[in-house]
Amino acid sequence: MIKVKYSPTFQGLEKACQKAMKQIKDRSYEEFLQNDGRNEILAYGIAFCRKRCKVIMEKM
């Protein structure tokens with residue numbers, strides 16, 4: 001799963017990544033995949049500001 005967020009500042013990239021991961025968890029996106037028999041699910045929270053980006057990954 002991938003969720004992308006925009007940050008208006010470079011300093012806000014980490015917070016935007018965390019917000020993306022929280023949204024994935026809050027909306028239970030992995031539930032559909034688990035019900036389909038998939039066990040190894042990776043979630044990516046990606047934030048960008050202009051030409052820079054930050055990515056965090058978590059195994060669900």
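The following conversation goes through the strands, the helix, the core and the cysteines of a predicted model.

Trainee: What rules stand behind the values for this model?

Mentor: Because the model is predicted, local features need pLDDT of at least 70 and side-chain atom pairs count only at pLDDT 80 or more, whereas totals for chains, interfaces and linings use all residues. Residues are numbered from 1 along each chain as its sequence is written, and side-chain values use heavy atoms, with hydrogens and water left out.

Trainee: What makes β2 and β3 a pair?

Mentor: Strands are DSSP runs of E with at least two residues, helices are runs of H or I with at least four, and both are numbered from the N terminus; two strands pair if DSSP finds at least two bridges between them. Strand β2 (residues 42-49) and strand β3 (residues 52-59) have eight bridges in the antiparallel sense, so the definition is met. L42 stands opposite K59, C49 has R52 as its bridge partner, and in the hairpin, with two residues between the strands, R50 takes a positive phi near 55°.

Trainee: Why are β1 and β3 called edges of the sheet?

Mentor: The open sheet has the order β1-β2-β3 with mixed pairing, and β1 (2-6) and β3 each have a single partner strand, so one side of each is left without a neighbour in the sheet.

Trainee: How do you know that helix α1 packs on the sheet?

Mentor: Contact means heavy atoms within 4.5 Å, and α1 (residues 13-26) touches β1, β2 and β3. The direction of α1 makes about 145° with that of β2, where axes are lines fitted to C-alpha atoms, for helices over the stretch in contact, and angles run from 0 to 180 degrees between N-to-C directions.

Trainee: Why is C49 called buried and C53 exposed?

Mentor: Buried means under 20% relative accessible area, exposed over 50%, and partly exposed in between, with a 1.4 Å probe and protein chains only. C49, at 1%, therefore counts as buried, whereas C53, at 54%, is exposed.

Trainee: How do you know that C49 is in no disulfide?

Mentor: A disulfide is a pair of cysteine sulfur atoms within 2.5 Å. The closest cysteine sulfur to that of C49 is in C53, 11 Å away, which is too far for a bond. C53 is in no disulfide either, its nearest cysteine sulfur, that of C17, being 8.2 Å away, and the count by this rule comes to zero.
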